Amino acid sequence: MRDAIYSHRLKVEAIEVAGPVDRISYQQAQLLKNFRPAKVGDQLGPFWATYWYRCSVKVPKAFAGKPVELYWASHSEATLWIDGQTVAGLNYEPNSHDRAIRPDALLLSSAKGGEQLRFQVEVACNSVFGDPGKRGPYSPEAVSPYIFEACEIRARDPFAWRLYFDFAVLVDLEAESDRGLDPTFAGELLFELNRFANIYDPADRNTWHAAHDVLKPLYERRNASQVHELSAIGHAHIDTAWLWPLAETWRKCDRTFSSQLALLDEYPAFKFACSQAYQYDIVRERNPKLYQRMKAAVKKGRWVPVGGTWIEPDCNIPSGEALVRQFLYGQRFFEQEFGRRCREFWNPDVFGYNGQLPQIMRGAGIRRFLTQKLSWNRFTKPMHHTFSWQGIDGSEVTAHFPPSDTYNSDASVKQVRFNVANYKDHDRSRHSYYLFGFGDGGGGPSRQMLEYLGRMSDTQGLPRVTMRSSDDFFSRLEKDISHLPVVVGELYLEVHRGTFTTQAAIKRSNRKSEALLHDVEFLQTLRWKLAGVEYAHAKIDALWKLVLLNQFHDILPGSSIKLVYDDANAQYEQVERSGLELRGQAILDVFKSVNAYARGAAKRGELTPINTTSFARREVCSTPDARLVLADAPSYGFGCIGESTDKVELAKSSAGWVAENGQLRVELSKSGRIVSLIEKSTGREAFAGEANVFQMFDDNPTAWDAWDVDPQHLESCRDCGPATSAKVVTRSPLRCEIQFQHKIGRASTLQQTVRLDAHARRVEVHCRADWHESHKFLKVAFPVNVRSMNATYEMQFGNVERPTHFNTAADLAKFEVPLHRWFDLGEHGFGVSILSESKYGGSTLGNVMRLSLLRAPSHPDPTADIGKHAFSYAVFPHAGGWREAGTVAEAAAFNMPLLWAPGQAGVRSMASIDTPAVVIDTVKKAEDSQETIIRLYESHGSRGTARLRVGFPIKSARFCNLLEDKSAVARVDDGKIEVPFGPYQIITICVR
């Protein structure tokens with residue numbers, strides 16, 4: 001039956017080819033001089049190369065009245081071009097069952113016969129999943145699997161096409177007879193389909209209509225009055241980078257979007273959803289004709305922008321402010337380009353969702369959330385597919401997990417029925433969402449999928465399937481559902497925990513870039529307010545977009561190929577280079593505007609420390625001319641160099657050394673371990689045994705090498721050996737440092753410098769590693785002298801408590817968890833915080849706190865983490881709980897070094913808050929006005945009213961959301977803004 005659809009075929013003989021070349025534009029391809037005759041069987045390569053084919057063919061008279069399609073097979077991805085426009089993506093991979101197979105594209109909707117067709121095909125020497133092994137490494141010396149196999153035009157027989165799908169859907173439905181299909185209807189199906197087979201003769205067209213008459217009554221068997229309503233929408237999940245580099249993603253967008261626009265023209269009921277503002281933006285820049293067609297489809301309601309973010313970001317590692325910017329830049333793009341904001345956060349494939357997302361979504365005008373990733377959980381499955389997700393502040397959004405447990409549904413009868421059977425909320429709702437289309441590597445729905453779903457609108461044995469936009473679906477769901485269950489806090493994914501650690505250098509670059517842009521925005525705001533120099537909005541936006549791009553959920557987590565990280569490293573270097581320039585210029589301009597500079601203070605070598613955190617600081621630091629000084633600086637302000645009232649003393653001990661200041665006494669062995677750490681105000685010993693112990697674990701996950709660390713790795717723990725050498729490298733009243741050299745594993749080395757400063761309440765450890773292990777996991781362990789059932793971990797704009805035991809399966813699932821700048825284990829009266837400068841993974845089991853440092857997976861990047869690394873961590877023992885002790889402030893200071901300016905400006909705070917629980921997180925210029933945006937968050941889980949003071953006169957202030965839409969007027973009293981706050985509330989104020 002399938003063969004009968006294309007009984008008329010013609011090989012295209014007039015074909016020329018040029019290549020291999022790089023990824024070049026269509027215009028550049030037209031200038032190629034080396035076109036040559038193409039031959040079937042030509043080998044194409046190497047990997048990632050491009051070939052351009054020019055083809056010409058005359059349509060035979062026998063094709064008249066029929067749709068004419070191109071059939072193309074090069075065992076690779078390809079793009080069809082006609083008259084300088086992308087028309088469709090082409091993909092044919094032999095013996096592939098889980099990849100997009102779309103070898104055809106419509107050339108003529110109805111041929112007249114005799115037309116001369118001319119077209120070009122851009123062939124990419126990669127599969128839809130990048131390298132030919134998809135999830136296995138390949139050798140650059142391997143023989144290329146890409147072969148020019150076929151190019152022909154085919155006339156599609158419309159009746160044979162219809163007959164095939166009418167029969168195929170019912171055959172697949174009959175195959176479900178032993179899975180809950182009504183037995184009476186199942187019997188009728190079997191009888192009638194058998195009768196069809198007895199009548200139908202593929203060689204005798206005269207039998208086809210009689211056979212088709214057998215099928216028609218079966219499609220008239222309707223559902224009962226109450227049946228599950230399945231809303232469907234086409235989707236093409238395009239990973240912005242993964243097993244292919246960014247440049248190939250640009251072409252994937254061209255291929256996918258062109259194909260979907262063609263299907264929108266063919267199928268009037270079809271709707272297609274597409275997320276990620278970045279992908280729209282690159283098409284707008286690179287392929288404006290295609291983009292205009294997309295905009296036209298959006299205007300008609302057929303193409304549905306979804307998501308509201310710049311890309312589909314990882315939701316564990318980016319800072320709270322970075323996630324705010326994902327929505328800010330995403331929603332602004334969609335509003336500017338399409339006149340609408342997204343109302344749902346569409347993020348179906350990331351590795352866990354932090355508990356502040358509901359509040360961030362609500363602040364960005366979004367009240368709905370869609371994912372399916374938690375269906376991957378290994379220990380416990382989600383209780384619901386539809387629920388209200390409540391964040392740690394109490395904000396709620398409607399959440400829906402498509403019950404097919406995938407965003408790449410294939411529109412098969414079996415899967416559509418599974419969607420209904422798997423739905424966990426039939427007692428509350430009749431509605432669920434169905435995302436169909438080839439994804440990950442792009443592609444989207446196929447013509448075959450649309451034919452299948454078109455026969456499921458109301459057929460007995462199937463749900464009622466209707467194409468609906470996300471707005472339409474969620475509106476129906478919210479109207480229909482009763483007694484919506486509530487799920488509170490983080491949605492922890494019980495798989496892919498290795499992504500908190502893999503590709504450590506990229507994660508460090510992310511942390512440093514976020515901090516740099518934070519400083520740039522604050523200092524550029526001061527430059528604008530104090531020096532009257534224009535705020536560098538465009539440059540800052542460009543840098544933010546690079547950071548946001550690299551927070552994509554397969555880049556920042558560490559699960560991409562090396563080519564992706566080559567791009568990411570170059571972009572982070574650009575952020576650092578441009579960010580430092582913007583920061584430096586802002587500092588100079590600000591200090592030129594104060595009188596001290598004019599009087600020559602800078603020429604006399606005088607320096608001013610600049611504090612860019614919400615907390616007043618008094619700490620030892622190094623000046624630009626390498627002097628150790630004690631700096632005092634108020635919140636978000638200019639400070640001074642002060643006199644120390646404390647000193648560090650260093651003495652030898654039987655174990656090694658004892659370093660001591662007014663707050664701490666730390667004893668270090670020559671092995672590099674902390675033998676004792678006394679917090680002096682309490683007299684408490686922080687550790688129950690030797691601490692700062694490097695530990696190595698075997699790391700051989702059963703699947704998903706870069707992604708996963710499995711629980712059995714805990715059984716392979718081995719302490720690394722003692723340091724091979726130790727020496728004192730700094731000894732002064734303000735600072736002492738002892739440096740240790742370690743051999744780690746089979747082939748790695750690590751240098752650690754343990755530091756104690758005067759006035760410090762923390763012991764810092766600064767490391768440089770040369771890592772050359774394979775499938776090993778390096779951690780550092782601290783057995784603390786504390787007992788608690790839960791440990792607290794910092795997350796975006798807040799914190800989360802997690803168990804320190806394995807009482808239940810859900811507890812065991814959290815054997816490795818994400819964290820940001822600190823995690824803490826405390827009991828009444830005392831606790832210990834571990835501070836992290838660039839690490840995002842850790843654990844607490846019993847009383848042992850571990851910070852995860854380095855992994856060594858080999859797929860998909862065989863070089864992942866191999867090489868040199870720099871990282872730091874610190875130990876902060878404290879009286880009382882972490883809130884009273886100021887762990888948040890300590891971690892902020894550890895992560896945000898003081899900056900220096902030439903000259904003196906006097907001690908002056910430009911932004912301060914009178915409540916330690918409330919953190920001033922961001923100071924920037926407003927997006928669309930001459931106002932200043934100040935973003936704060938409550939960090940302790942408390943409520944009250946704080947007073948915010950800024951360093952320039954206030955005319956008025958209003959509260960606003962994360963998109964800077966203004967709302968209530970803020971009360972200003974005696975130059976201070978009153979800020980009511982609740983637990984973990986994010987507050988944004990627009991100050992004039």
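Start by selecting Glu-229, which is buried at a relative accessible area of 13%, where buried means under 20% relative accessible area, exposed over 50% and partly exposed in between, with a 1.4 Å probe and protein chains only. The model is predicted, so that local features need pLDDT of at least 70 and side-chain atom pairs count only at pLDDT 80 or more, while totals for chains, interfaces and linings use all residues. Residues are numbered from 1 along each chain as its sequence is written, and side-chain values use heavy atoms, leaving out hydrogens and water.

Next add Arg-464, whose salt bridge with Glu-229 brings the closest N and O atoms to 3.2 Å; a salt bridge is a side-chain nitrogen of Lys or Arg within 4 Å of a carboxyl oxygen of Asp or Glu. The pair links distant parts of the chain, 235 residues apart, with Arg-464 in strand 21 (residues 464–467) and Glu-229 in strand 13 (residues 229–235); strands (E, at least two residues) and helices (H or I, at least four) are DSSP runs numbered from the N terminus. Arg-464 also counts as buried, at 16% relative accessibility.

Move on to Arg-368 and Glu-478, whose side chains meet in a salt bridge of 2.9 Å, N to O. Here Arg-368 is buried at 4%, whereas Glu-478 is partly exposed at 32%.

Finally, select Leu-453, which is among the residues touching the most other members of the largest nonpolar core, a set of 146 residues. Such a core joins buried Ala, Val, Leu, Ile, Met, Phe, Trp, Tyr and Cys residues through side-chain atoms within 4.5 Å. Helix 3 (residues 158–174) gives this core its largest share, 11 residues.
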